[in-house]
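Reader: Could you walk me through this protein at the bench-side level, one question at a time?

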Amino acid sequence: MHHRSRPTAGLLGTGAALSLALALTVTVSPALAAPPGPSAEPDPVPALVAGEGTEAPQLVTGLSEAAPGGPAEAARAFLAAHADRFRVDPARLTEVAVERTGQDRHTVRFQQDHGGVPVLGGQYLVRLVGEGADQRVESVGGRYFTGLTAPTKPVAPAAELRRQALDAVQDPRARAGAAVEDRGPVVLPGGAGRLAQHFSVRADDAAGGGPLVHDVYVDATTGVVALAQESSTPYRVGGPDTAAASGPAAVPAVGSAPDLHGRTVPVNVSRQPDGSYQLVDATRSAGILTYDGGGRDFTEFGGGIPDGILPVSSPGPDFPASAGSSGATDAHVNAAAVYDFYRNRLGRDGLDGKGSPILSVVNVTDHGRPFVNAAWGGRTMVYGAGDDLHLPFSAAMDVAGHEMTHGVVEHTANLVNIGQSGAMNEGIADYFGNAVEVTAHGIAMDDPTAPLMGESLCRTGTPQECATRNLDNRHTTVNDYLGAGKEFDNGGVHANSTIFSGALWDIRRTLDPLTADRLVYRALAEYLTPLDDFVAGRNAVLAAGKSLKLSAADLRKVAAAFDAHGIKAGWQSRVGTDSRTLMPGGTAPLGPVTGGGHWVMGSVLPNDKGIALYTGSTTGTGTPVRLSPDDGRTHGWAATDGKSAVWLAVGPDSTGTWGIAVVTAPLTGGPLRTLFQGLHGSLANLRMSGGDIAFTLTDNATDQTRVYLSHDGATPTQLPLPEGHNVSSSLAFRDGRLGWIETWSADGATVQAPTVYSTATGKVTAQYPVSTPQDGAKPFLGSPVLAGDRLLWLAAPADRTLPTALRSGSPDGSGVTDLLPADSRYSLTEREFTASDQAVSYVHRSPEPTTGWSNAALPKLYQLPLTGGTPVRVSCNRGGQYHPVADQGTRVLWLDGTVGRNDLVVRDKPAGSC
Ligand SMILES: [Zn+2]
């Protein structure tokens, strides 16, 4: 029902060369205002919603054009005949599903491809009413991307793509045991599109969170990770769908079984040839089968039921007490109730609409710990056994309805489990979870428990205390939306779900419940597409209402419910912030850098082909200008000294050969110059100071890292290190001084030494060695930063868990102090900090709350004087605050997630307290 978040690095990784995880930002399409009609009450249903970054409209309603023939062929022919109007090429569409609701209504869902490669989230829908010669197109819409020119064949070597996918796992120990599955090519939408290879990477999270599955999309032209997210997609695919446990000789029967509420209830079971009975309900679709996981890990059931596990069985038709205490009886009964709701009320045959078997597994664990949760695993519902405070999670019908609705969503709109689309996925699951429960139990809509999710799971306490979420809420986008990176609830999918589910529940109370259920279901099955946001969700529900022939008064009630929750076009501009925006967030922003009063940042704005670099003033005067050329390469990982920038250009060069080049250009514009290319090894940590350029180069064969320095544009030269020494960190470069962590072995010990080097004298000027016996676990020292006359770095315990101390070395090497101790109340949690000559700014994230998600749990920026002092808040903005970069004095820039984008923003002084 809710997924624990696991500690990960910030929104954007910076450490590893070329392996930045990028955030997917779903853009909002502005609704074109309908022309004012003669009546005082405008039609709340938009007639036309334009697409953003595409010529194909997102929604066109009110059509009534003849389209005879089979639905799929008729829809295709209609789009072909009106190519000038809808800008959709039927040759690029593959039919995914034809949803038939009622006698004379069909929705054809098409998937877009580009040169035979599927486009992520590219779906277009045509809705038809009537039959035979009278069939008409009622409305069309979705996301079809017209500007795609991306290549359809990978340029980067296959082994390199796989290596980059693996590198997206940031913890080296987890990476060592990770498995990579190639899921094929996909085109990522936005501008010209990007060809990517989709990998599932399964790795054990060393921080103790259990196995993680990441969906990683590696740009197949540049070899750069384009998108990475923790995924709910099952990693394991296989295992029997039905377990064939109810073979032909099994006979349907009615038995009885104890449940978790102390009752004995009738259950639909099957009698086996040997005379025993199983929890197999053969009266509903292809069967409802219920299993006891016997304490196995929940991830073992993600791909189906493993061989050898049979449904819960009993020697006779009356099941023993264990069927009750494990939660199996409740899972079985609740699955039937959810099936009946969808079948009888909405005309849907099972989760996939095709009557496939419904599989539930109770009594599963989470990596040896209790699984105090429930989940939709892609093919099965899994329920934990609860704990001292909670019953097994199958005890609640609304929870069963929630998880099974995830299965329905997956087979209809397939809303992507991140950001606003993910929050709608969760919100719709909550809506139907509660709708199933109140319908089956005859609970009135004004009963105080009706809007509560999971209120019956607690062993003690009131329903209000126990409930995980409440759909009777006044949550709004403007007041409550938590804009966050994937490290927080996959971009706030549960936290923000109540904004959308609150509007849906209000509709259910305002209209009659049956009409509301049909309305939300029709929006899900016939209008929504995978990358839709809240505003598209509003338009989908309204358009569904019009097609259901709701009265104008009822449609206005629906619109009013969305208005009351702030779900309307342009809500982002009404969210209050205390920062100045330097550049609004595009997709795939890379962390900014600063120098000499200027910033440089990589991003993708709507018309960009791939990542482009932008630059502007840190005070916000003037408008940002694009720095990198549109040459088919990805431009990023920049450094600047305020006059020029240097960066990596990754991708095919003018001869089509894939490679990495270090290039430079003046910030004021001017020709791009290639400084060097064809370097052997992993290049990282580009830095710039006074026209000089430094970087690290790691030999992939020996894992040796060396520092290179280029003076005045000359060929870079390797700085000498003593025999046996290595560089184990990123790089600092400021005013002719370099800083790094140097490591070597001496007298049976490993030495790590934060080091300052003068480029003028070619000598080490300060070094602060830390010695650890070679059989001991060495602490983590990293992230050197030069500020004022000091070197700063991070120090964390050997097991790499938090907390992390921020240390400062004196200029002459005589002493080290803790600028921010590890046990400080506002300690550094994300290993991200930045410093000017006056102030240090860093990211602090409160320990995750045990229940729910709140603004306080998001990463926030703090600042303290370089000379030490009490940390204060940099900004009181509501969303996540990521990737701080200091300018002069106390001014700091960062990526701000408040409105669900990654805006580059600035403040001159810290806000203090919030
Ligand atoms: Zn959920």
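What follows is a set of questions and answers on a predicted model.

Reader: Let's begin with the metal. Which protein atoms are the donors of the zinc ion?

Author: Happy to start there. The donors lie 2.1 to 2.7 Å from the zinc ion, and along the chain they follow the spacing H-x3-H-x19-E. Glu-426 appears twice in the list, each time through OE. The donors are therefore His-402 (NE2), His-406 (NE2), Glu-426 (OE) and Glu-426 (OE).

Reader: Which helices hold His-406 and Glu-426?

Author: These two residues are 20 residues apart, and the pair links distant parts of the chain. His-406 is in helix 7 (residues 397–410), and Glu-426 is in helix 8 (residues 419–441).

Reader: Is the arrangement of donors around the zinc ion tetrahedral or irregular?

Author: A tetrahedral set of four donors would need all angles between 85 and 135 degrees. Here the four donor atoms subtend angles of 52 to 140°. Those angles fall outside that window, so the arrangement is irregular.

Reader: Is Glu-426 buried or exposed?

Author: The cut-off for buried is under 20% relative accessible area. Glu-426 has 2%, and His-406, at 10%, also counts as buried. So the word for Glu-426 is buried.

Reader: Moving along the chain, why is helix 13 described as largely enclosed by the rest of the structure?

Author: Helix 13 (residues 513–526) reaches 19 Å from its first C-alpha to its last, close to the 20 Å expected. The buried residues include Leu-519, Val-520 and Tyr-521, and also Asp-517, Arg-522 and Glu-526. Helix 13 is largely enclosed because the number of its 14 residues that are buried is ten.

Reader: At what angle do helix 12 and helix 13 pack?

Author: Their axes are 7 Å apart, and the crossing is right-handed. Leu-504, Ile-507 and Arg-508 of helix 12 make the contact with Pro-513, Ala-516, Asp-517, Leu-519 and Val-520 of helix 13. The packing angle is about 145°.

Reader: Which residue follows helix 6?

Author: Helix 6 (residues 328–346) reaches 26 Å, close to the 27 Å expected. Of its 19 residues, 14 are buried, so helix 6 is largely enclosed by the rest of the structure. The residue after helix 6 has a positive phi, near 75°, and is Gly-347.

Reader: One last one: is Pro-266 buried or exposed?

Author: Pro-266 is found in strand 13 (residues 264–271). Among the residues Pro-266 touches are Val-254 and Val-333, and its C-alpha is 4.3 Å from that of Ser-256. Even with those contacts, its relative accessibility is 63%, so Pro-266 counts as exposed.

Conventions:
Residues are numbered from 1 along each chain as its sequence is written. This is a predicted model: local features need pLDDT of at least 70, side-chain atom pairs count only at pLDDT 80 or more; totals for chains, interfaces and linings use all residues. Side-chain values use heavy atoms; hydrogens and water are left out. Helices (H or I, at least four residues) and strands (E, at least two) are DSSP runs, numbered from the N terminus. The expected span of a helix is 1.5 Å times one less than its number of residues. Buried means under 20% relative accessible area, exposed over 50%, partly exposed in between (1.4 Å probe, protein chains only). Donors are N, O and S atoms within 2.8 Å of the metal (3.2 Å for Na, K and Ca); water is not among the atoms, so sites may look incomplete. Four donors count as tetrahedral if all angles lie between 85 and 135 degrees; four count as square planar and six as octahedral if opposite donors are over 155 degrees apart and all others between 65 and 115; anything else is irregular. Axes are lines fitted to C-alpha atoms, for helices over the stretch in contact, and angles run from 0 to 180 degrees between N-to-C directions. A crossing is left-handed if the near helix is turned anticlockwise from the far one by less than a right angle, and right-handed if clockwise. Contact means heavy atoms within 4.5 Å. Lists of a residue's contacts leave out its neighbours within four places in sequence.
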